[in-house]
Amino acid sequence: MRLRRLSFCVIFAVCVAQAASFAAGADKPVSSRKPVVAVPSQRLVVSAGGDKGFLPIYATIRGLRADLGHVYPSVTRAVVIIHGNRRDAAQYENVMQNAIHDAGEKYWNTLLIAPEFLEENDAAVNQVPDDELRWKHLAWIDGENARNAQISSYDALDAILERLSNHILLPNLQSVVLVGYAGGAMMVQRYAVVGRGGDALVHSGLRLRYVVANPSSYLYFSNERPVPGSTGDYDFAVPVRECAGDNNRWRYGVNNPPPYAAEEDFAVMEQRYIHRDVVYLLGAEAQDPNETSFDLSCAGEDQGPTRFVRGMAYFRYLELRHAELGTASASQQLLVVPGVGNSAYHLMTSRCGAASVFFTDDCTTRVLVPKP
């Protein structure tokens, strides 16, 4: 036990240094079109509609590589962390390692999975095998099919959750948390609406939570958007600008969804969504309307001027449609982290970040009824 603890602490020290570097450079203007510098060597098979491909992933326990084909009776929790637009999965894996370590030793046996959603230029520069899945720029956020297979990025999330539902490999697993930050949060929020992969987990008695951290936009179920300059309460109305129809197209609205969700009834999807365990985790200082990775499209801007405002307004939008979300016992929560802006490291290692991932009651800044 002493050697195992020492090993984890040594690995954790490396993770601290890497994550601190990531935190320090979080606001640097790095293009999301820049190819990734490394691709995980671990791969998970993803199958859909007769097609098959491989998704690169990092899978670790206590900072050490975990083989998803092995039996791990000591694992009671699993966390899946989805990277942002820059697809730096290794950095997000390090951030979550810090969050796990800081939460305390009883959480150290958490199985951590960090998938890498490659884009075409990533695959070309890194010369990955032809069967390794890759998407056109940012299409993985929306659940679109890969460029080299009729396999959606949401099919890939289904495959991860299906592997976690294997009670032979993970006989004592109790909870799974799917966390997304920024672009990854946009992916997780849409997947929480239409995703099918969690059904087997929930039906088998496991707890499944979606954590949506500092995204640039949200999926609206109607054509109303926040009225600029609302005071006292958020007002919603059909925007004056039509944004060439983009306001109500997928990723901002329910029109023209990807093939994965093409047959869905979104009135039914909305009712299912509001009963899913979803935490919206917002940095109170995520207020820069001009940051490099922020969605400045017409349809994006119609959701509000900043990440923080967009998140607050969206939660209020849901409450006005479903009053039960404004109660303390609601299935969905809005947690605000004071003093934190657009920083995955500081958001996920905060007390509220830990509360969202480990189901604790330590966050004292939950907002029940957000106001402008």
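1. In this predicted model, a right-handed β-α-β unit is made by strand S4, helix H2 and strand S5. Helix H2 covers residues 89-103. S4, at residues 77-82, runs parallel to S5, and 3 bridges join the two strands. One of the pairs to look at is Val80 with its bridge partner in S5, Ile113.

2. S5 also pairs with strand S2, residues 51-61, here in the antiparallel sense and over 5 bridges. On this side Tyr58 has Ala114 of S5 as its bridge partner. S5 thus has a parallel pairing with S4 and an antiparallel pairing with S2.

3. How many residues of S5 are buried? The count is 5 of the 5 in residues 111-115, so the strand is largely enclosed by the rest of the structure. Cover is present on both faces: one side carries Leu111, Ile113 and Pro115, the other Leu112 and Ala114, and all of these are buried.

4. Leu111 of S5 also appears in the lining of the largest cavity. The search of the whole structure returns 1 cavity of 30 Å³ or more, and the volume of the largest is about 40 Å³. Besides Leu111, the lining residues are Asp67, Leu68, His70, Tyr72, Arg163, Leu164, Leu169 and Leu170. Sorted by class, the lining holds 6 nonpolar, 1 polar and 2 charged residues.

5. Leu164, another lining residue, lies in helix H4, residues 153-164. Is Leu164 buried or exposed? Its relative accessibility is 1%, below the 20% cut-off, so Leu164 counts as buried.

6. Leaving out residues up to four places away in sequence, Leu164 touches Leu111 and Ile113 of S5, together with Ala78, Val80, Leu170, Leu173, Val176 and Leu201. The contacts with Val80 and Ile113 involve a bridged pair, since these two are partners between S4 and S5. For the contact with Leu201, the two residues are 37 apart along the chain, and their C-alpha atoms are separated by 7.9 Å.

7. A separate point concerns strand S13, residues 332-337, which is mostly covered, with 6 of its 6 residues buried. Both of its faces are covered: Gln332, Leu334 and Val336 are buried on one side, and Gln333, Leu335 and Val337 on the other. S13 runs parallel to strand S12, residues 277-283, and 6 bridges join them. Among the residues involved, Leu281 has Leu335 of S13 as its bridge partner.

Key: Residues numbered from 1 in each chain as written. Predicted model: local features only at pLDDT ≥ 70, side-chain atom pairs only at ≥ 80, totals over all residues. Heavy atoms only, no water. Buried < 20%, exposed > 50% of the residue type's maximum accessible area, 1.4 Å probe, protein only. Helix = DSSP H or I, 4+ residues; strand = E, 2+ residues; numbered from the N terminus. Pairing = 2+ DSSP bridges. Right-handed = clockwise from strand over helix to strand, strands pointing away. 1 Å grid on protein atoms, 1.4 Å probe; cavity = no way out; pocket = protein on both sides within 12 Å on 5 of 7 lines; lining within 4 Å. Points joined across faces, edges and corners; volume = space filled by probe spheres on them. Nonpolar A, V, L, I, M, F, W, Y, C, P; charged D, E, K, R; others polar. Contact = heavy atoms within 4.5 Å.
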